[in-house]
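This briefing walks through one structure, topic by topic, for a reader who is new to looking at proteins. Please keep the sequence and the 3D view at hand while reading the points that follow.

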Amino acid sequence: MNVLAACKPLTRNEMAARLARDIPEGWFVNLGIGAPLHVADHVPAEREVIFHSENGVLGMGPAPEPDQINRWLINAGKQYVTLRTGGSYMHHADSFALIRGGHLDLCVLGAFQVAENGDIANWSTSDNDSAPAVGGAMDLAAGARQVWVLMEHQTKSGESRLVRRCTYPLTALGVVKRIYTNIAVLDVTEQGFAVREMAPGLNFEVLQKVTDAPLRSPMSHGGPK
Amino acid sequence: MIDKIVPSMVEAMAGIRDGSVVLLGGFGSIGQPNALINGLIEHGAKELTVVSNNAGVGRIGLARLLALGRVRKIICSFPRTADPVVFEELYRAGKIELEIVPQGTLAERLRAASAGIPAFFTATAVGTNLAAGKEQREIAGRTYLLEEALAGDVALIEAWEADRWGNLTYRSSARNFNPVMAAAAKLTVAQAQHIVDLGALDPEKIATPGIYVNRVLHVPYGEPTVT
């Protein structure tokens, strides 16, 4: 039986929009490849958030119109993008110095699992992976001032992605501060996962039922928002 | 008169030996020196160690170099770009060695080599499988890994404009690894879309000064395609 039947999970687009709402003006933000890239579509142009792409683009803008493509300008996902007014280019060592030196306010990553202590596993699903591809994930996870994760709450087969301890190979230790899933927003605290917000129709008991790690109720830290 | 512009691919590749460590610029196909990679294939050097962010796409360029069995080992961050068929086949068959390096650690290892820094500490990859066998040290309460510099015997890079002193500019995000690799190799060969007179490049826009560049080949190929 689907315990989530009564609740209305967010679509991927709604998840990206929900996360985007919490990014304040003036932040420097790197969006990981995959679902996080869509977050940029939901930050209105008048709110000046500066997006960084690991391949040396600071001030990345949205996808170009088909007749306006600059074929030398791509993002980390190797899709065509634009440069906003005020944007700049840099080489790879500078681009990663910016990441590793703690200059980014925020990095948004996808993940396979996040543990209650903030550990993240997002680059490989097995120690026996034939040729795992890490890219910039470990640099971003270890280097950004804050890491937020955008992911489905459960795997396709219904296993919780919020776990006591990650079973997949780790990307970084203890770095995740907040998680946006299709059914909840949670903070990673010294006492584990704390629920900030739940999808419409969802209650705490059901959320706990579909989450492997123990949750702190929204009532214990100021009520639902 | 200094003139680093070479008239042919044969001269661009001259002296590249078997067993070389070859740095290949580019992020995916953008900024990747495909003409020089084809030149390296014609040149015939083998037993190479290739350092590149990705491990080749489809069956052209780096993928073709791999398919011909010229590469003993690849050092990269992301072998799984769309369609890495050749690499995956070789890797599964045990015919190529792979060293996975986080992208920022890869860039910094190259930069360190260019700056005479033999090794450095970084927080990236602490507590992960990629920390295996590496020295760790706690500095001011945080744990770091020791990573060694990575120098090339040869760097093959792509630039936008070049002059006869080897001063280079780049185009948008095609800059990526190219300036870092140019500075980290003993022999740096650049392919450039435009050759301009000495003095024509705005000194404020030269991203790689000619001190890092040994040879320049004019390769006006037009626009890249994303792969």
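Which strands of chain A do the buried residues of α1(A) pack against? Before answering, note that the model is a predicted one. The buried residues of α1(A) pack against three strands of chain A, namely β5 (106–109), β8 (147–150) and β10 (176–180).

**Helix α1 of chain A**

- Helix α1 of chain A spans residues 12–21, and within this helix M15(A), A16(A), L19(A) and A20(A) are buried.
- These buried residues lie on the same side of α1(A), because they cover an arc of only 135 degrees around the axis.
- On the other side of α1(A) the picture changes, since N13(A) and R21(A) are exposed there.

**The nonpolar core**

- The largest nonpolar core contains 138 residues, and the residues with the most contacts inside this core are I120(A) and V149(A).
- Strand β9 of chain B, which covers residues 152–162, gives the most to this core, with six residues.
- When residues up to four places away in sequence are not counted, V149(A) touches L109(A), A111(A), V114(A), I120(A), V176(A) and I179(A).

**Where chain B meets chain A**

- Between the two chains, 41 residues of chain B are in contact with 34 residues of chain A.
- On the side of chain B that touches chain A, at least two residues each are supplied by α4 (85–92), β5 (97–100), α5 (103–114) and α6 (178–182) of chain B.
- The element that gives the most to this side of chain B is α5(B), with six residues.
- Sorted by type, the residues on the side of chain B that touches chain A are 21 nonpolar, 12 polar and eight charged.

**Two loop residues of chain B with positive phi**

- E47(B) has a phi near 60 degrees, which is a positive value in a residue other than glycine, and E47(B) lies in the loop between α2 (34–43) and β3 (48–51) of chain B.
- E47(B) counts as partly exposed because it has 13 C-beta neighbours inside 10 Å, whereas a residue is called exposed if the number is 12 or fewer.
- A140(B) has a phi near 50 degrees, again a positive value in a residue other than glycine, and A140(B) is found in the loop between β7 (136–139) and β8 (142–148) of chain B.
- A140(B) has 5 other C-beta atoms within 10 Å, and therefore A140(B) is exposed.

Methods. Residues numbered from 1 in each chain as written. Chains lettered and ligands numbered in written order. Predicted model: local features only at pLDDT ≥ 70, side-chain atom pairs only at ≥ 80, totals over all residues. Buried ≥ 20, exposed ≤ 12 C-beta atoms within 10 Å, placed from the backbone. Helix = DSSP H or I, 4+ residues; strand = E, 2+ residues; numbered from the N terminus. Arc of directions from axis to C-beta. Contact = placed C-beta atoms within 7 Å. Nonpolar A, V, L, I, M, F, W, Y, C, P; charged D, E, K, R; others polar. Core = buried A, V, L, I, M, F, W, Y, C linked by C-beta atoms within 7 Å.
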